[in-house]
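The following exercises are intended for a reader who meets this structure for the first time. Each sets a task and then works through the solution step by step.

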Amino acid sequence: MDGGKTIRQLKKEAMQLKIKGYYNMRKVELGEAISRRKTELAKMIRDIDNMRIGQLRSFAKKVGLKMSRRATKTDLVEAISKMFSSWKKENERKIPGQITSSFSMPSNENKETKSKIELPKTYKKDKLVGLEVNPSWIHFYWDFSEKTKEILKAHSSLVLRVYDVTYIEFNGTNAHRTFEMEMGISTQKYYVQVPQPNADYIAEIGYKERNKFVPLLRSNLVTTPPSSPKLAQMELWMDLRTYQRFSEMSSGKAVTRIERLVGISSIPSSPSKISGRGSFFWLSGRS
Amino acid sequence: MKGKLLVMLHAHLPYINHPDHPYFMEENWLFEAITETYIPLLMAFNRLIKDNIPFGLSMSLTPPLLEMLSNQTLQDKYRKYITSLVDLAKKEVEATQKEEGLKHKCALKYLEDFQGTLDFFESCKGNLITEFKKIEDTGSLELITCNATHGFLPLMKVNPQAVHAQVAMGTKAFEERVQEHPKGMWLAECGYYPGLDKELADQNIDFFFVDSHALWYADIPPKYDVYRPVITPNHVFVFARDPESSEQVWSAQFGYPGDPNYREFYRDVGFDRPIDYIKPYIDPAGNRINTGIKYYKVTGNVPLGTKELYDPDKALETAKRHAKDFSQKKAEQSQRLMNAIEIEPVITAPFDAELYGHWWYEGPMFLEFLFREVANSNTVESSTPHKIISKMDSVQVVTPAMSTWGANGYNETWLNGANDWIYPHIHEAETRMVELATQYEDATDPLYIRALNMCARELMLAESSDWAFIMTTGTTVEYAVNRTKTHLSRFLELYEAIKAHNINERALELDEWIDPIFPYMNYKLYSSN
């Protein structure tokens, strides 16, 4: 991070940035302390446009800028932004310079591992979304507008209906099968086990009034993935020289496949599972 | 007639770049992968080429990986990392002089290897992408891309425009960074659903990969099972995974990496040496981490404390033996399949690239030996997707079934109690992104264009399947949760700012500096017009 600067230059910079104890630091430590300080300040710059002149003055002082007493707000903002841009350049194009093999200074910097960020609890929109988990499970989540919430105030529970609409243009009443679940009014998501792989489902959420279901929202169409082979039938082929398609009667399976049955040890954290994916993460840390 | 072995290495890491921190532990994932996987693979390919060994394979370099490999700050940090490792290896050579002979032998080997890695990195000026491309130019390697940030498309299909943007940006990123059009695309987590082939066809993608059951449960049973490519209704070729190959390599009981002679992953000097000695080489905050110097072998099913010392020569012999074994198995399988289907079988063997080298330390050597063995076989040869496709006269038209290569084959790794909270937010952000892009499709104000592009970047970063995956597996969960929340909240902030015509240029500048992925981002990909 030192961009090939000498230790004297670094000390001067650290002094301007008011880094405590810079005088006794080694070169590496100086480089890191400066870089950390700059990052802190760079984050403060987000609010620069809303700062009052007094705040701007003290900010300028912090970044080691000497400004005239007569400097206006615009002067200050300009000078500080210029300074910030030059740091950014340093960071982007810094010459590897003297590579040091040591990161020796223990840093207590907070890497924000504990997330303090809060995402909205609701987007205040009417929404019912279905996502297939696997051939026999569907996940539903939902959100309500203020208006819908108002309607629901009069009710103590939510009702989720799931319709099997495979090969049907659903009109609300023509489903093959209808399933129903009742749940607490503040529930926001649910996993539903459905009877058929490779089938189409639609859900509605609403409430019950005198034993009659009143739907409020309808979901997208959810298709559960298939989990077994189709029967042999006509095959479709394409000639790759002419791009002509042609059909052929299926001649049956040439390769006999031995299928596996799922047994035990489906624990996802086992590092030896055969699934092709992602051991990198589980192995990166000692858990 | 010869069977075709198609090895497909999926090289991917999530985008982890913290220019605002001089040291960030998770950035080490990239550095470890460069040291243990990418450079060793490149060196192995170069040796094969030098020795005139014919070989073929395909490799995906995902856009986040391409972006990280091209990033100057990360390259500089890598130099510092590998230089520090060389330094540690020197100290280890000294320290092990008074210890067991095997340890000292290992230390000398590490010093030589790390120095070689550093030299390699310097000789190509840190530009590993160009090195991969050089191998590709020989015809032995076919590089392919992935959807933009490795977003999990089966759970994105409720927002088709977001899927479109992922596929289009995945193509664009490859064109920008590799300077060629990608012929194939690896779909994140092998996640496929019927209809996705249309998006791929629209980007002129010729082929992609699926797990076996995508063909087993397809709309029409495939005549040759998973042993010949098929084509989708929108004319994209499909290669399906051979279950035998994966099992032979990775089976917990019989797989190769568990051999007692191979290096043990979990015994590392980062944990074994006294803290004062190792301090300069671990997390500056004092947390012990894996350094990459390991002296013990798998040994057997024994506690970590009783592992025996690793012998690099024995491990090498073992890798050779395993390569020979695998090659024989592939030859036998080819013969068996040729007898059954009377046409050249294609055995597709996709793997996470990082498992070779990072997890299975001897993996890159195994691959090199494998290609050498296969080159001498009369019944099987290694090949590349395009070479295979170009020799086909006809192809079966099939719609593959919805499937992934995750545990149990569907979506539960990316949708379960540990991570389902992310989808309401991600889907909402996708909806809002489409709204913004459609509303501002003709924006000319550079500030608005920058803000809109930044929105698209934050959204795509939040969409990475890696975060949901990490939440499921339970390691470094806080980092994944934090990344998801950070990108989503930056997105929401920017969205509000654009809608209120109150874009804070300095805040935007900071975001652009912190998340500089895809400088060529084009938010209009999200427009619904």
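The model is predicted.

**Exercise 1. Identify the buried residues of helix H17 of chain B, and state what they imply for its surroundings.**

Solution. Begin with the list: the buried residues of H17(B) are Ser465(B), Asp466(B), Trp467(B), Ala468(B), Phe469(B), Ile470(B), Met471(B), Thr472(B) and Thr473(B). Next, set this list against the helix itself, which spans residues 465-473. Nine of its nine residues are buried, so H17(B) is largely enclosed by the rest of the structure. Finally, look at the position just after the helix: there Gly474(B) has a positive phi of about 90 degrees.

**Exercise 2. Describe how helices H15 and H16 of chain B pack against each other.**

Solution. Two packed helices are described by the angle between their axes and the distance between the axes. For H15(B), residues 422-439, and H16(B), residues 446-463, the axes come within 10 Å and cross at roughly 155 degrees. Angles over 145 degrees count as roughly antiparallel, and H15(B) is therefore roughly antiparallel to H16(B). The handedness of this crossing is left-handed.

The next step is to name the residues that meet. H15(B) contributes Ile426(B), Ala429(B), Glu430(B), Met433(B), Leu436(B) and Ala437(B). From H16(B) come Leu452(B), Cys455(B), Ala456(B), Leu459(B), Ala462(B) and Glu463(B). Sorted by class, the residues of this contact comprise ten nonpolar, no polar and two charged.

**Exercise 3. Carry out the analysis for helices H1 and H2 of chain A.**

Solution. H1(A) covers residues 7-16 and H2(A) covers residues 27-44. Their axes come within 10 Å and cross at roughly 40 degrees, and the crossing is left-handed. On the H1(A) side the contact involves Ile7(A), Leu10(A), Lys11(A), Glu13(A) and Ala14(A). These meet Lys27(A), Leu30(A), Gly31(A), Ala33(A) and Ile34(A) of H2(A). By class, the contact of H1(A) with H2(A) holds six nonpolar residues, one polar residue and three charged residues.

**Exercise 4. Determine the domains of chain B and characterise the side of domain 1 that touches domain 2.**

Solution. First, the division: domain 1 of chain B is made of 3-70 + 127-263 + 310-408, and domain 2 is 413-526. Taken over C-alpha atoms, the centres of these two domains are 29 Å apart. Their contact takes 29 residues from domain 1 of chain B and 24 residues from domain 2 of chain B.

Second, the elements: on the domain 1 side, those giving two or more residues are helix H2 (63-69) and helix H6 (160-178) of chain B. H6(B) supplies the largest share of that side, nine residues. Third, the classes: the domain 1 side has 16 nonpolar, seven polar and six charged residues.

**Exercise 5. Give an account of the make-up of chain A.**

Solution. Chain A contains six helices and ten strands. Of its 287 residues, 23% count as buried. Among contacts in chain A between residues at least 6 apart in sequence, 51% join residues at least 24 apart. Chain A is divided into domain 1 (7-93) and domain 2 (127-223), with 56 Å between the domain centres, taken over C-alpha atoms.

**Exercise 6. Is Leu155(B) buried or exposed, and which residues does it contact?**

Solution. Locate the residue first: Leu155(B) lies in the loop between strand E3 (141-146) and H6 of chain B. A residue is buried if 20 or more other C-beta atoms lie within 10 Å of its own. Leu155(B) has 26 C-beta neighbours inside 10 Å and therefore counts as buried. Leaving aside its neighbours within four places in sequence, Leu155(B) is in contact with Leu131(A), Asn411(B), Trp414(B), Leu415(B) and Tyr423(B). For one of these, Asn411(B), the separation from Leu155(B) is 256 residues in sequence and 8.0 Å in space, C-alpha to C-alpha.

**Exercise 7. Place Thr96(B) in chain B and state how many C-beta atoms surround it.**

Solution. Thr96(B) is in the loop between helix H3 (72-95) and helix H4 (101-123) of chain B. With 20 other C-beta atoms within 10 Å, Thr96(B) is buried. Beyond its neighbours within four places in sequence, Thr96(B) contacts Lys103(B), His104(B) and Ala107(B).

Conventions
Residues are numbered from 1 along each chain as its sequence is written. Chains are lettered from A and ligands numbered from 1 in the order in which they are written. This is a predicted model: local features need pLDDT of at least 70, side-chain atom pairs count only at pLDDT 80 or more; totals for chains, interfaces and linings use all residues. Helices (H or I, at least four residues) and strands (E, at least two) are DSSP runs, numbered from the N terminus. A residue is buried if 20 or more other C-beta atoms lie within 10 Å of its own, exposed if 12 or fewer, and partly exposed in between; C-beta atoms are placed from the backbone. Two residues are in contact if their C-beta atoms, placed from the backbone, lie within 7 Å. Domain bounds come from an automatic or database domain assignment. Axes are lines fitted to C-alpha atoms, for helices over the stretch in contact, and angles run from 0 to 180 degrees between N-to-C directions. Angles under 35 degrees count as roughly parallel, over 145 as roughly antiparallel, 65 to 115 as roughly perpendicular and the rest as oblique. A crossing is left-handed if the near helix is turned anticlockwise from the far one by less than a right angle, and right-handed if clockwise. Ala, Val, Leu, Ile, Met, Phe, Trp, Tyr, Cys and Pro count as nonpolar, Asp, Glu, Lys and Arg as charged, and the others, Gly among them, as polar.
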